[in-house]
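Trainee: I should like to examine how the descriptive terms applied to this model are justified. May we take them one at a time?

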Amino acid sequence: AAMLVQGFDAGMSTGESGTAFLCSAQHMKTSLHTGEKLPSVLDKVDYYLELAILYKNELTSGYLGIMRDTISTLIDKGETTSSKGNSNSESGKKPANISESMYFHRAIRAFWLGHS
């Protein structure tokens with residue numbers, strides 16, 4: 001995951017925001033799958049999501065929005081950590097090719113909440 005952070009930093013510092021945001025999405029995916037503490041991952045997702053929205057990177061903000069919703073659900077079923085209204089999560093605007101990620105994250109949520 002450290003190399004993905006370096007990739008993000010290098011991309012942003014050289015003006016390659018597209019590459020940087022791909023690294024950020026992979027960083028968050030890796031952090032979630034390797035068992036990093038969810039509140040920490042949520043903070044990082046919020047940081048990357050805010051930047052992706054600022055840079056108008058719809059693809060990354062869509063993926064991060066879905067990931068943010070999953071993390072929030074796993075922490076407390078979204079009761080206190082729900083989206084702040086600035087993400088492109090499942091209920092909002094999203095790129096057309098993101099449906100596979102939505103279904104994957106719905107399955108993760110259902111499994112961990114005991115609905116499988």
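Trainee: Which residues of α1 meet which residues of α2?

Mentor: In this predicted model, Leu4, Val5, Gly7, Phe8, Gly11 and Met12 of α1 meet Ser17, Ala20, Phe21, Cys23, Ser24, Gln26, His27 and Thr30 of α2. By class, this contact has seven nonpolar, seven polar and no charged residues.

Trainee: What makes glycine a member of the polar group in that division?

Mentor: The classification names the nonpolar and the charged residues, and the others, Gly among them, count as polar. Gly7 and Gly11 of α1 take part in the contact with α2, and they fall in the polar class by that rule.

Trainee: How are the axes of α1 and α2 placed, and why is the pair called roughly antiparallel or roughly parallel?

Mentor: The axes of α1, residues 2-13, and α2, residues 17-33, come within 7 Å and cross at roughly 160°. Angles over 145 degrees count as roughly antiparallel, and α1 is therefore roughly antiparallel to α2. As for handedness, α1 passes α2 in a left-handed crossing.

Trainee: Why are α4 and α5 called roughly parallel or roughly antiparallel?

Mentor: The axes of α4 and α5, the latter spanning residues 99-112, come within 10 Å and cross at roughly 5°. An angle under 35 degrees counts as roughly parallel, so α4 and α5 are roughly parallel to each other.

Trainee: Which residues form the contact of α4 with α5?

Mentor: Tyr63, Ile66, Met67, Asp69, Thr70, Thr73 and Leu74 of α4 meet Ser101, Met102, His105, Ile108, Arg109 and Trp112 of α5. The residues of this contact divide into seven nonpolar, four polar and two charged.

Trainee: Is threonine 73 buried or exposed, and how do you know?

Mentor: Threonine 73 is found in α4, which covers residues 58-76. Its relative accessibility is 17%, and the limit for a buried residue is under 20%; threonine 73 therefore counts as buried. Leaving aside neighbours within four places in sequence, threonine 73 is in contact with Gly78, Arg109 and Leu113.

Trainee: What share of the protein chain is buried?

Mentor: Buried residues make up 41% of the 116 residues. The exposed area of the chain is about 6700 Å², of which carbon and sulfur atoms supply 56%.

Trainee: What pattern does the protein chain follow along the sequence?

Mentor: The pattern is α-α-α-α-α, with five helices and zero strands. Among contacts between residues at least 6 apart in sequence, 59% join residues at least 24 apart.

How values were computed. Residues are numbered from 1 along each chain as its sequence is written. This is a predicted model: local features need pLDDT of at least 70, side-chain atom pairs count only at pLDDT 80 or more; totals for chains, interfaces and linings use all residues. Side-chain values use heavy atoms; hydrogens and water are left out. Axes are lines fitted to C-alpha atoms, for helices over the stretch in contact, and angles run from 0 to 180 degrees between N-to-C directions. Helices (H or I, at least four residues) and strands (E, at least two) are DSSP runs, numbered from the N terminus. Angles under 35 degrees count as roughly parallel, over 145 as roughly antiparallel, 65 to 115 as roughly perpendicular and the rest as oblique. A crossing is left-handed if the near helix is turned anticlockwise from the far one by less than a right angle, and right-handed if clockwise. Contact means heavy atoms within 4.5 Å. Buried means under 20% relative accessible area, exposed over 50%, partly exposed in between (1.4 Å probe, protein chains only). Accessible areas come from the Shrake-Rupley method with a 1.4 Å probe; for residues, only the protein chains shown count as cover.
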